[in-house]
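Reader: I'd like to walk through this model with you, strands to begin with and helices afterwards. Could you start with the sheets?

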Amino acid sequence: MARQSVSVPRLQGVSQEHFMQHLYPQRKPLVLEGIDLGTCTSKWTVDYLSQVGGRKEVKIHVAAVAQMDFISKNFVYRTLPFDKLVQRAAEEKHKEFFISEDEKYYLRSLGGDPRKDVADIRKQFPLLEGDIKFPKFFKEEQFFSSVFRISSPGLQLWTHYDVMDNVLIQVTGKKRVVLFCPRDAQYLYLSGTKSEVLNIDNPDLAKYPLFSKARRYECSLKAGDVLFIPALWFHNVLSEEFGVGVNVFWRHLPSECYDKTDTYGNKDPTAASRAAQILDRAIKTLAELPEEYRDFYARRMVLHIQEKAYSKNFE
């Protein structure tokens, strides 16, 4: 039986000082209401974005189904002028399409050169910069990226985690967000940073029996809401209607902890990557032993990691 769902707390009119001193250290998701986001929540209509955003070509995900899967890649990458993307994403049925008349669109904005540059709405869409204000929950030198997101109604993204703190600013439209605590990673059947469990509302428990042990934290976002997602918290996003959002990521750890080649903000910290490589070598070394010995010493290694590395400060 699945564990009971927990509603993400909603707080009104939280100051920067109160957030940083009392809420941020708890490292739990929060929905913040009444934050001054500028005029974007009223101005960013389909017509306005089409006119002001321009005809710049953007790379998008196009899927024939609503539930996108980054592991099996059940989508294709295509490019569209930004104004065309906005217009198509707002439609239920399309006269022009790549796969089918009811295909879904998803934009995750990129830097000028995605291999070198991070996404920053202020640089890639400068005419929109004056409309939006970022919550001032971090120092400017901690800023990493601001990612423009546009989703078709009904589109659901895969469950994944990011290695940096971020706020999801829901500018227009509505989203349902389901989150899972980092301590429940063992129940999520991970492939890299992503969960293999696509249908989180009706999971195949014969295939993923441990998933029922993962506690889901859930919230609904409307225009003007801001969701704080701490680093390492898994999240699954369902666009209940056409909407526009902006994720603002910032470095929670010292900058030297992060992979300098990471422009997406989803590569594990360098120390974690090194530890994973060492573990892979240890597992290969154990393979030199007969099965009985391999099993025995592998269990001892797991116990050793639990004793030395697990924290007792988390629930």
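Author: One open sheet has four strands in the order β1-β12-β9-β14, with mixed pairing; strands here are DSSP runs (E, at least two residues) numbered from the N terminus, and two strands pair if DSSP finds at least two bridges between them. This is a predicted model, in which local features need pLDDT of at least 70 and side-chain atom pairs count only at pLDDT 80 or more, while totals for chains, interfaces and linings use all residues. Residues are numbered from 1 along each chain as its sequence is written, and side-chain values use heavy atoms, with hydrogens and water left out.

Reader: Which strands stand at the edges there?

Author: Those are β1 (6-7) and β14 (234-239), each with a single partner strand, so one side of each is left without a neighbour in the sheet. Strand β14 pairs with β9 (residues 175-180) in the antiparallel sense over six bridges, and within that pairing Lys 175 has Ser 239 in β14 as its bridge partner.

Reader: And what is the order in the sheet of nine strands?

Author: That open sheet, also with mixed pairing, runs β2-β3-β13-β8-β15-β7-β6-β4-β5. Its edge strands are β2 (10-12) and β5 (75-81), each pairing on one side only. Strands β3 (residues 30-33) and β13 (residues 226-229) run antiparallel and are joined by three bridges, with Leu 32 opposite Val 226 in β13.

Reader: Switching to helices, at what angle do α6 and α7 pack?

Author: Helix α6 (residues 270-286) and helix α7 (residues 291-309) pack at about 155°, with their axes 10 Å apart; helices are DSSP runs (H or I, at least four residues), and the axes are lines fitted to C-alpha atoms over the stretch in contact, with angles running from 0 to 180 degrees between N-to-C directions. The two are therefore roughly antiparallel to each other, a label used for angles over 145 degrees.

Reader: Which residues meet there?

Author: Leu 279, Ala 282 and Leu 286 in α6 meet Arg 294, Tyr 297, Ala 298 and Met 301 in α7, where contact means heavy atoms within 4.5 Å. By class, that contact has six nonpolar, no polar and one charged residues.

Reader: How far apart are the centres of domain 1 and domain 2?

Author: They are separated by 35 Å, taken over C-alpha atoms; the domain assignment gives domain 1 as 6-257 and domain 2 as 270-309.

Terms used: Angles under 35 degrees count as roughly parallel, over 145 as roughly antiparallel, 65 to 115 as roughly perpendicular and the rest as oblique. Ala, Val, Leu, Ile, Met, Phe, Trp, Tyr, Cys and Pro count as nonpolar, Asp, Glu, Lys and Arg as charged, and the others, Gly among them, as polar. Domain bounds come from an automatic or database domain assignment.
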